[in-house]
Amino acid sequence: TVDFTGAIPFRAQQTANITGLVSNKYFIRNVNIQSILPLRYRLYFWSRDTFDTSGDLDTDSFLGFVDLNLSARFIQAFRINGTGQFRLDITSLDVLYEDLDNSNELHVSLQNLSPTTKPAGPAGGVQIDFFLSPRV
């Protein structure tokens, strides 16, 4: 689980290193998000904690991404009884994840794809849970 608590302007990203993994190789099987606001996000997976965006294809650590669209017209996102946070569960993922830092961390970043800035603090709260299975 990771909480993204900082402000994220349009097209910007916030990074996170999720600690406590017992290995450095996983399949990412499922991701679910809860958000106070119905924004459109993209969640990136990185193999290193440098979150390399240098443009050097030989050192880039990008592994994949998943779109997390919570906008009101996106039918898979939901609120219970029409109130509270927006929720979305993405299943049947098969992302091959390997932490090349060997730090046993999951390196991710959340990008805001909505023109509205995600505010900092509780007003813009986002929590993402990951479901992993080990791989050899």
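Read along the sequence, the protein chain of this predicted model follows the pattern β-β-β-β-β-β-β-β-β-β, with 0 helices and 10 strands (DSSP runs numbered from the N terminus, H or I of at least four residues for helices and E of at least two for strands). Residues are numbered from 1 along each chain as its sequence is written, and side-chain values use heavy atoms, with hydrogens and water left out. Because the model is predicted, local features need pLDDT of at least 70 and side-chain atom pairs count only at pLDDT 80 or more, whereas totals for chains, interfaces and linings use all residues.

The radius of gyration, taken over C-alpha atoms, is 15 Å for the protein chain, which agrees with the value near 14 Å that a compact globule of 136 residues would have under the rule of 2.2 Å times the number of residues to the power 0.38. The C-alpha trace spans about 40 × 30 × 25 Å along its principal axes. Of contacts (heavy atoms within 4.5 Å) between residues at least 6 apart in sequence, 77% join residues at least 24 apart.

Of the 136 residues, 42% count as buried, meaning under 20% relative accessible area with a 1.4 Å probe, protein chains only. The largest nonpolar core, a set of buried Ala, Val, Leu, Ile, Met, Phe, Trp, Tyr and Cys residues joined through side-chain atoms within 4.5 Å, has 30 residues, and V31, L43, F45, L68, V108, I128 and F130 have the most contacts inside it. Strand 3 (residues 25-35) contributes the largest share of this core, 4 residues. Not counting residues up to four places away in sequence, L43 touches V31, G64, F65, V66, L68, V108, S109, L110, I128 and F130.

Conventions. Buried < 20%, exposed > 50% of the residue type's maximum accessible area, 1.4 Å probe, protein only.
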